[in-house]
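Hi everyone, thanks for coming. I'd like to walk you through a structure that is new to most of us, so please have a look at it while I talk.

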Amino acid sequence: MVHGSPTALIAPTNFFELLYSPEDMYNRFFYTNLIKVVRMIGVFISLFLPALYITLTLYHQEMIPTFLLYTIQSAQANVPFSTIGEIIIMEFAFELIREAGIRVPGPIGPTLGIIGALILGQASVAANIVSPVAIIIVAITGIGSFATTNYSLGLSFRFLRFVFILLASLGGILGLVMGIMVYLAILVTTKSFGVPMLSPVAPKSKSILGSALFVPPIWKFEQRADFLNTKHRKRQPKISRAWDKNKR
């Protein structure tokens, strides 16, 4: 806790806890898991969608359905920039609009972001600077990035998105896979106050593995996480629902 700061830091943490939202523990577990699936899809889109688009359109056109490939090529026919160029231009413009919307005080900020994105996207397509497909890719990527609950993790994803775009433009699917492997290697070796960032998946511990990605029912949280090395492992009685004891 820092005086004057509205944010509290909790340590140690791991990668999966950074994907949690505070309201996840206050809803029924099947509703929470549905939202978490949507959230993880949004994270995947924000990281890899532009890189996958560049990979498929430049190196692996045979993986795109024929009619979709014709649509993409016809949309890029009058664009003076390459696929990489238009994606980088629109990503930079989107980040600029988002940052400007945050810095503008009051309710004008979100309005400025929405109107600026609409006008800029429509004007860019009308002037044949970028293709409509690139606008759609960047827009879906931006929407997916808002699904990240942790701001610092979202910043790292925004940086990694440009790294994956560069790797995909240089080596196609091979460059993208190599970038993912390096990123996973960094996560495996990273620790937060002695706790591995990918625990309890890597290294595997005795904790509930399902709780890494999904939220189990609250009555299953009988033990604290094994990787935290707490003094008291027991969190609640084995039969936490005393009113249901006779049924057991």
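**A glutamate and its arginines**

Let me start with one pair of side chains: Glu95 forms a salt bridge with Arg161, and the closest N and O atoms are 2.8 Å apart. Glu95 sits in helix α3 and Arg161 in helix α6, 66 residues apart, so this pair links distant parts of the chain. Before going on, please keep in mind that this is a predicted model.

Are Glu95 and Arg161 buried or exposed? Both of them are buried.

Now stay with Glu95, please. The side chain of Glu95 also meets that of Arg158 in a salt bridge, with 2.6 Å from N to O. Here again we go from one helix to another: Glu95 is in helix α3, while Arg158 belongs to helix α6, which covers residues 151-189, so the pair ties together parts that are 63 residues apart in sequence.

Let's look at Arg158 for a moment. Which residues does Arg158 contact, once its neighbours within four places in sequence are set aside? They are Glu95, Arg98 and Glu99. The contact with Glu95 is also a polar one, side chain to side chain, at 2.6 Å. Arg158 has a relative accessibility of 15%, and because buried means under 20%, Arg158 counts as buried.

There is another arginine to meet. Glu95 and Arg98 join their side chains in a salt bridge of 2.9 Å, N to O. This time both residues lie in helix α3, residues 83-103, and they are 3 residues apart, about one turn of the helix. As for accessibility, Glu95 has a relative accessible area of 11%, so it is buried. Arg98, with a relative accessible area of 12%, is buried as well.

What do these pairs build when we put them together? A network of salt bridges links Glu91, Glu95, Arg98, Arg158 and Arg161. In the whole structure there are 4 salt bridges.

**Rings**

Let's move on to the aromatic side chains. How many aromatic pairs does the structure hold? There are 5 of them. One is formed by Phe15 and Phe16, an edge-to-face pair with 5.9 Å from centre to centre and 85° between the planes. Phe15 and Phe16 are both buried. Ring pairs also bring in Phe157, giving a cluster of Phe15, Phe16 and Phe157.

While we are talking about rings, please find Tyr20. The charged end of Lys36 sits over the ring of Tyr20, at 3.7 Å from the ring centre.

**Stepping back**

Finally, the view of the whole protein. Its secondary structure adds up to 7 helices and 2 strands. If you read along the sequence, the pattern is α-α-α-α-α-α-β-β-α. The protein has 248 residues, and 36% of them count as buried.

How much of the contact pattern comes from residues 24 or more positions apart? Among contacts in the protein with a separation of 6 or more, such residues account for 64%. Turning to the outside, the protein exposes about 15,600 Å², and carbon and sulfur atoms supply 71% of that area.

If you take one picture away today, let it be Glu95 in helix α3, with salt bridges to Arg158 and to Arg161, and with Arg98 as a partner in its own helix. Thanks for listening!

Note on methods:
Residues are numbered from 1 along each chain as its sequence is written. This is a predicted model: local features need pLDDT of at least 70, side-chain atom pairs count only at pLDDT 80 or more; totals for chains, interfaces and linings use all residues. Side-chain values use heavy atoms; hydrogens and water are left out. Rings of Phe, Tyr and Trp (its six-membered ring) pair if their centres lie within 6.5 Å; planes under 30 degrees apart count as stacked, over 60 as edge-to-face and the rest as tilted. Buried means under 20% relative accessible area, exposed over 50%, partly exposed in between (1.4 Å probe, protein chains only). A charge sits over a ring if NZ of Lys or CZ of Arg is within 6 Å of the ring centre and within 35 degrees of the ring normal. Helices (H or I, at least four residues) and strands (E, at least two) are DSSP runs, numbered from the N terminus. Contact means heavy atoms within 4.5 Å. Accessible areas come from the Shrake-Rupley method with a 1.4 Å probe; for residues, only the protein chains shown count as cover. A polar contact is a pair of N or O atoms within 3.5 Å; within protein, one must be able to donate a hydrogen and the other to accept it, and residues adjacent in sequence count only if both atoms are side-chain atoms.
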